Amino acid sequence: RGKYIGFMEADDERDEGNYAELVELLELKEGDIDAACCRARCIGWDREGMERYTAWQNGLLSNSDMRAARFLEIPSLMQAMVLRREALLSCLVEGGKFMDSEMWSIDYHFWLQFFKKGFRVEKLEEGGKFSWRQHPGQQTRNHGRLSIENMRKCKCQVLAEMARDGADVLGEGAKGRIVAVYSVGATLKGWVADLQAEGLEVEG
């Protein structure tokens, strides 16, 4: 029922005062942004790949940078974010729920919908951080809906939705229903098949 909504998981941590910093940014930029994020760090199980991943996310600070990166990966962990209630509700599926299925990543589908609907976000360059606990059994590493194949299918579905709506996909006048795919082997075949399944014409 609150004006702002944040996310937290039981085994993660965040610096003291971090929520207050995010709300302060939202209030300072009322009317300009719909969500505020902080940087993240990995704790627990040490893995170089996840360190690189969070470092990449932490380098995406502006709305334009985060929006441009959304078809690569999620530009911020949802737990590192506070957003306005109306923005969250607008991104939920029918019945007021997340797109939680065996196919889609909740986080990834959310961010694609967030930008598709024209919402804006900014990330704090300084201040407190969110601490993301790593362990071998976490869903990020093991759940089928987070496979490369399913992440690709999610991207293709939203790309097709935007093409049908006549949306500017990348913010650079990228409109239309013909997609050029540049790749080789199984990766090329996977993208072509999934884009065509969504009704897009593919060149590649």
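Two strands count as paired if DSSP finds at least two bridges between them. The exercises below apply to a predicted model.

**Exercise 1.** Determine which strands pair with S5, and in what sense.

Solution.
Step 1. Take strand S1, residues 4-6: three bridges link S1 and S5, and the pairing is antiparallel. Since the criterion asks for at least two bridges, three are enough for a pair.
Step 2. Locate a point on this pairing: Gly6 is opposite Val82 of S5.
Step 3. Turn to strand S3, residues 35-37, which is joined to S5 by three bridges and also runs antiparallel to S5. Here Cys37 faces Met81 of S5.

**Exercise 2.** Decide whether the faces of strand S5 are covered or open.

Solution.
Step 1. Recall that side chains in a regular strand alternate between the two faces of the sheet.
Step 2. Sort the residues of S5 (residues 81-84): Met81 and Leu83 lie on one side, Val82 and Arg84 on the other.
Step 3. Check burial: these four residues are all buried, and both faces of S5 are covered.

**Exercise 3.** Describe the sheet that contains S7, and find its edges.

Solution.
Step 1. Write down the order: the sheet is open, has three strands in the order S2-S7-S4, and its pairing is mixed.
Step 2. Find the edges: S2 (13-14) and S4 (40-44) each have a single partner strand, so each has one side without a neighbour in the sheet.
Step 3. Examine one pairing: S4 and S7 (residues 130-134) run parallel and are joined by five bridges. Within this pairing, Gly44 is opposite Gln134 of S7.

**Exercise 4.** Place helix H2 against the sheet and identify its buried face.

Solution.
Step 1. Position the helix: H2 (residues 48-58) lies across S4 and S7, at about 160° to S4.
Step 2. List the buried residues of H2: Met50, Tyr53, Thr54, Gln57 and Asn58.
Step 3. Look down the axis of H2: the buried residues fall within an arc of 135°, so they line one face of the helix.
Step 4. Inspect the other side of H2, where Glu48 and Arg52 are exposed.

**Exercise 5.** Classify Leu188 as buried or exposed, and name residues that Leu188 touches.

Solution.
Step 1. Locate the residue: Leu188 is part of helix H8, residues 185-197.
Step 2. Apply the cut-off: buried means under 20% relative accessible area. Leu188 has 19% relative accessibility and therefore counts as buried.
Step 3. Leave out residues up to four places away in sequence; Leu188 then touches Val181 and Ser183.

Notes. Residues are numbered from 1 along each chain as its sequence is written. This is a predicted model: local features need pLDDT of at least 70, side-chain atom pairs count only at pLDDT 80 or more; totals for chains, interfaces and linings use all residues. Side-chain values use heavy atoms; hydrogens and water are left out. Contact means heavy atoms within 4.5 Å. Axes are lines fitted to C-alpha atoms, for helices over the stretch in contact, and angles run from 0 to 180 degrees between N-to-C directions. Buried means under 20% relative accessible area, exposed over 50%, partly exposed in between (1.4 Å probe, protein chains only). The arc is that of the directions from the helix axis to the C-beta atoms.
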